[in-house]
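Notebook open, structure loaded. I want to look at the aromatic rings, then the cysteines, then the surface.

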Amino acid sequence: MKVKELISAINSGSYDENLKAVYVMDSAVESQKPRYAEALDSFGALFGYDREVNIISAPGRTEICGNHTDHNNGKVIAASINLDAIAVVSKNEDNIIRVKSKGHRINVVDLSDLEPKEERYGDSTSLVQGVAAGIKNLGFEVGGFDAFTMNDVMGGSGLSSSAAYEVLIGSAVSYLFNEGKVSAVDIAKVAQYSENVFFGKPCGLLDQMASSVGSIVNIDFKSTKEPVIKKIDFDFAKTGYSLCIVDTGGNHSDLTDDYAAVRSEMESVAKALGKNVLREATYEEFFAALPELTKKVNDRAILRAIHFYNENRRVDECVKYLENNDFEGFKKIILESGFSSYMLNQNVYTPKNPTEQKISLALAISEELLKGRGAWRVHGGGFAGTVQAFVPNDMLSEYKTVIESVFGEGTCYALIIRPVGGYQVI
């Protein structure tokens with residue numbers, strides 16, 4: 001369908017069921033219509049209103065348990081959320097991918113040049129290039145297309161706006177050129193490959209996998225080539241709690257070294273044990289080797305390794321509690337995870353600026369408000385950004401009011417868990 005026709009069809013309700021499959025609630029469907037219309041109109045103004053178009057969506061994600069475990073082949077629980085990136089897309093005959101994101105310059109990738117270059121590290125164009133290269137390397141078709149994207153996954157929020165963008169581009173290639181046959185797992189791996197090799201950021205696979213697969217998932221990365229993915233049948237809406245993300249502010253752009261240090265320090269312990277990653281050594285092997293490890297690696301690395309092993313155990317316990325509909329047991333594990341991240345993994349503030357501790361402050365306020373009823377923890381990569389809180393619905397208004405009085409209006413988000421990952425909506 002062409003741009004103007006699709007805008008009219010969306011506004012008339014012709015695609016309400018398509019939207020509800022993604023955004024779940026009728027109110028959310030209605031709120032998305034102006035956004036979709038804006039994206040379509042922006043595409044038309046830039047690339048032409050006579051183009052046949054489709055609309056792709058890829059969600060942000062929330063990490064529920066398994067903080068900083070994926071990069072050492074650990075275990076995680078994550079969920080896709082209602083905040084997402086959308087793209088209006090249309091094939092072209094130029095062998096060029098053009099992606100214009102709202103508020104950003106256009107990214108142009110010539111498909112005859114799909115080699116990573118160090119001078120392009122940190123450039124969003126390299127993410128598009130890397131996704132195209134990764135899908136092509138898998139043997140799938142890749143062709144030129146034009147896209148206009150909008151992303152309401154807040155950058156630097158720990159909800160993985162970059163992963164949503166990468167999965168969005170991968171899903172666009174899958175649906176435009178491969179009948180949607182590139183699997184969600186392959187799209188996630190390609191997204192990670194793009195970020196690692198083309199963008200120059202040593203991320204794990206959690207963010208991309210949670211965005212691409214969708215719903216609540218338990219992922220075991222013991223084999224990164226063949227991760228074990230298990231969807232968890234749990235109706236969060238029936239718990240009487242809201243899943244809140246608090247954006248405490250702070251910029252992630254200068255924290256790459258902090259994130260990399262978590263991974264490299266865990267791996268330094270693994271190497272001292274004669275392994276590549278911590279998952280290759282058992283906890284018993286690690287603990288028995290502590291006297292020797294203290295002579296080979298720094299103390300923080302050992303603390304982070306302890307966090308890794310116990311966090312893997314907590315993920316298993318969380319899965320059992322959710323599958324048994326034991327939300328009280330689940331909250332207990334979430335609190336343990338949060339304290340471990342704070343004390344052992346030490347990713348609630350950057351040592352580069354120890355007097356700025358907005359995440360620590362948000363956690364302290366959450367404890368004052370929710371102690372005995374809710375649960376709270378650092379969310380995502382940490383060091384700056386967000387905390388996660390499970391808030392009783394009868395306390396949501398109070399929690400939101402107090403938190404936003406400190407961190408600003410609109411900084412507390414009550415999220416919906418979305419049932420699908422990377423998806424062609426229309």
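**Ring cluster.** I started with a group of aromatics: Phe234, Phe236, Tyr241, Phe327, Phe330 and Phe390 are linked into a cluster by ring pairs. Note to self: this is a predicted model. I then ran the search over the whole structure, and it came back with 17 aromatic pairs.

**Phe234 and Phe327.** I pulled this pair out of the cluster. The ring centres of Phe234 and Phe327 sit 6.3 Å apart with the planes at 10 degrees, so I logged the pair as stacked; the cut-off for that label is under 30 degrees. Where do Phe234 and Phe327 lie in the chain? Phe234 is in the loop between strand E7 (228-231) and strand E8 (241-247), while Phe327 is in helix H12 (residues 327-345). They are 93 residues apart, and the pair links distant parts of the chain.

I checked cover next. Phe234 has 11% relative accessibility and counts as buried. Phe327 is buried too, with a relative accessible area of 9%.

**Phe327 and Phe390.** Phe327 turned up again, in an aromatic pair with Phe390. I noted 6.2 Å centre to centre and 75 degrees between the planes, which is edge-to-face. Phe390 lies in strand E10 (residues 386-392) and Phe327 in helix H12, so this pair ties together parts 63 residues apart in sequence. I got 2% relative accessibility for Phe390, so that ring's residue goes down as buried.

**Cysteines.** How many disulfides are there? My count comes to 0. I went through two cysteines to see what the sulfurs are doing.

Cys318 is in no disulfide, and its nearest cysteine sulfur, in Cys65, is 4.1 Å away. The cut-off is within 2.5 Å. Cys318 is buried, at a relative accessible area of 0%.

Why is Cys412 not bonded to Cys244? The closest cysteine sulfur to that of Cys412 is the one in Cys244, but at 4.1 Å it is too far for a bond. Cys412 has 5% relative accessibility, so I put it down as buried.

**Surface patch.** Last stop was the outside. I found a nonpolar surface patch of about 230 Å², made by Leu46, Ile106 and Val108. Of these I looked up Val108, which has its place in strand E4 (residues 106-110). Val108 comes out at 44% relative accessibility and therefore counts as partly exposed.

Notes:
Residues numbered from 1 in each chain as written. Predicted model: local features only at pLDDT ≥ 70, side-chain atom pairs only at ≥ 80, totals over all residues. Heavy atoms only, no water. Phe/Tyr/Trp six-rings, centres within 6.5 Å; stacked < 30°, edge-to-face > 60°. Helix = DSSP H or I, 4+ residues; strand = E, 2+ residues; numbered from the N terminus. Buried < 20%, exposed > 50% of the residue type's maximum accessible area, 1.4 Å probe, protein only. Patch = residues over 30% accessible without salt bridge, like charges linked within 9 Å, V, L, I, M, F, W, Y side chains within 5 Å. Areas by Shrake-Rupley, 256 points an atom, 1.4 Å probe, with all protein chains shown as cover. Salt bridge = Lys/Arg side-chain N within 4 Å of Asp/Glu carboxyl O.
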